[in-house]
Amino acid sequence: MFQFNLLPIPRWVIGVLQRLQPLFFPFSTMLFRDRQDAGQKLGQQLRSYAQQEDVLVLGLARGGVPVAVEVAQQLQVPVDAFIVRKLGLPGHSEMAMGAIASGGIRVLNEALVEQQKISQAQIQEVVNQEQAELTRRENLYYGEDGLQEIQNRTIILVDDGIATGATMHVAALALRQKNPKKIIAAIPLCAPQTATPDHLGVDEVVCLETPDPLRAISLWYEKFEQVSDEEVQQLLQEGSSVER
């Protein structure tokens with residue numbers, strides 16, 4: 001079972017660290033301008049999948065979608081969003097005790113749940129809240145068409161960065177139920193200990209950088225603003241030029 005033991009970092013602390021980042025890493029080659037820049041660089045590493053009819057790029061909503069759209073545009077393949085929701089620890093919502101995804105998939109860090117003495121009722125309350133949001137986003141992003149076909153396709157699963165790997169892992173579990181040909185985890189940066197297929201539950205990992213220590217994903221981006229539902233919808237519309 002995976003460990004989700006990263007302490008939550010207050011948003012104001014992240015903001016201060018972002019402003020001080022050039023002092024910490026003045027010669028860093030791992031800094032991305034924004035998610036679009038990260039997606040363009042990631043797409044270059046995935047060129048062997050360009051224009052393949054069975055390839056589908058899925059961006060983990062919401063932050064992974066801008067990266068995924070850039071990857072899909074470079075490869076000239078279809079793109080869609082895949083929705084996974086973190087299960088926050090009661091009282092410390094920034095700390096993940098697990099995650100859920102479409103298809104009724106749930107992954108829990110049993111060790112953390114036991115350590116924090118979280119009851120089944122508390123877990124179910126969090127699950128219910130996140131399931132409602134997951135369903136809302138499914139209706140918003142997919143509309144009447146629903147998620148694109150997964151069976152017998154090569155799935156490139158994209159996020160803007162990975163720390164614990166919980167979200168990517170539960171996404172891979174959910175996608176396995178739909179019988180894809182192959183799942184590739186594609187990320188601009190990843191904690192070294194999580195950048196393996198076994199840890200993420202995928203067939204292949206493509207990661208540009210594995211900074212150690214990772215600290216916070218946002219520190220490696222000059223611009224790392226929250227992505228809104230409206231932005232996701234607009235990006236998916238822009239990326240829909242390739243046939244589904």
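Q: Which elements do the buried residues of α2 pack against?
A: In this predicted model, the buried residues of α2 pack against α3 (64–75), β5 (154–158), β6 (182–189) and β7. The buried residues in question are Arg-35, Asp-37, Ala-38, Gly-39, Leu-42 and Gly-43.

Q: Why does Asp-37 count as buried, and what is Lys-41 called by the same scale?
A: Buried means under 20% relative accessible area, and Asp-37 has 4% relative accessibility, so Asp-37 counts as buried. Lys-41 has a relative accessible area of 34%, which lies between the 20% and 50% limits, and is therefore partly exposed.

Q: What makes the pair of Lys-41 and Asp-37 a salt bridge?
A: The closest N and O atoms of Lys-41 and Asp-37 are 3.3 Å apart, and the cut-off is 4 Å between a side-chain nitrogen of Lys or Arg and a carboxyl oxygen of Asp or Glu, so the pair qualifies. The two residues are four apart in helix α2, and are therefore separated by about one helical turn.

Q: Why is the ring pair of Phe-32 and Tyr-221 called tilted?
A: The ring centres are 5.4 Å apart, which is within the 6.5 Å limit for a pair, and the planes stand at 40°, which is neither under 30 degrees nor over 60, so the pair is tilted. Phe-32 lies in the loop between α1 (11–24) and α2 (35–44), whereas Tyr-221 lies in the loop between β7 (204–209) and α8 (229–238), so the pair ties together parts that are 189 residues apart in sequence.

Q: How do you know that Phe-32, Tyr-221 and Phe-224 form a cluster?
A: Ring pairs link these three residues, and the link from Tyr-221 to Phe-224 has centres 4.9 Å apart and planes at 40°, so that pair is tilted. Tyr-221 is buried, with a relative accessible area of 2%, while Phe-224 is partly exposed, with a relative accessible area of 24%. The charged end of Arg-35 sits over the ring of Phe-224, 4.1 Å from its centre.

Q: What makes the contact between the side chains of Glu-204 and Tyr-49 a polar contact?
A: The contact is 2.9 Å, and the limit for a pair of N or O atoms is 3.5 Å, so the distance meets the criterion. Glu-204 lies in strand β7 and is partly exposed, with a relative accessible area of 24%.

Q: Why does the salt bridge of Lys-181 and Asp-54 tie together parts that are 127 residues apart in sequence?
A: The side chains of Lys-181 and Asp-54 meet at 2.8 Å, N to O. Lys-181 lies in the loop between α6 (166–176) and β6, and Asp-54 in the loop between α2 and β1 (55–61), so the pair joins parts of the chain at that separation. Lys-181 is exposed, with a relative accessible area of 55%, whereas Asp-54 is buried, with a relative accessible area of 18%.

Q: How do you know that Asp-229 and Arg-62 link distant parts of the chain?
A: The side chains of Asp-229 and Arg-62 meet in a salt bridge of 3.1 Å, N to O. Asp-229 is in helix α8 and Arg-62 is in the loop between β1 and α3, 167 residues apart. Salt bridges that share partners join Arg-62, Glu-133, Arg-136, Arg-137 and Asp-229 into one network.

Key. Residues are numbered from 1 along each chain as its sequence is written. This is a predicted model: local features need pLDDT of at least 70, side-chain atom pairs count only at pLDDT 80 or more; totals for chains, interfaces and linings use all residues. Side-chain values use heavy atoms; hydrogens and water are left out. Rings of Phe, Tyr and Trp (its six-membered ring) pair if their centres lie within 6.5 Å; planes under 30 degrees apart count as stacked, over 60 as edge-to-face and the rest as tilted. Buried means under 20% relative accessible area, exposed over 50%, partly exposed in between (1.4 Å probe, protein chains only). A charge sits over a ring if NZ of Lys or CZ of Arg is within 6 Å of the ring centre and within 35 degrees of the ring normal. A polar contact is a pair of N or O atoms within 3.5 Å; within protein, one must be able to donate a hydrogen and the other to accept it, and residues adjacent in sequence count only if both atoms are side-chain atoms. Contact means heavy atoms within 4.5 Å.
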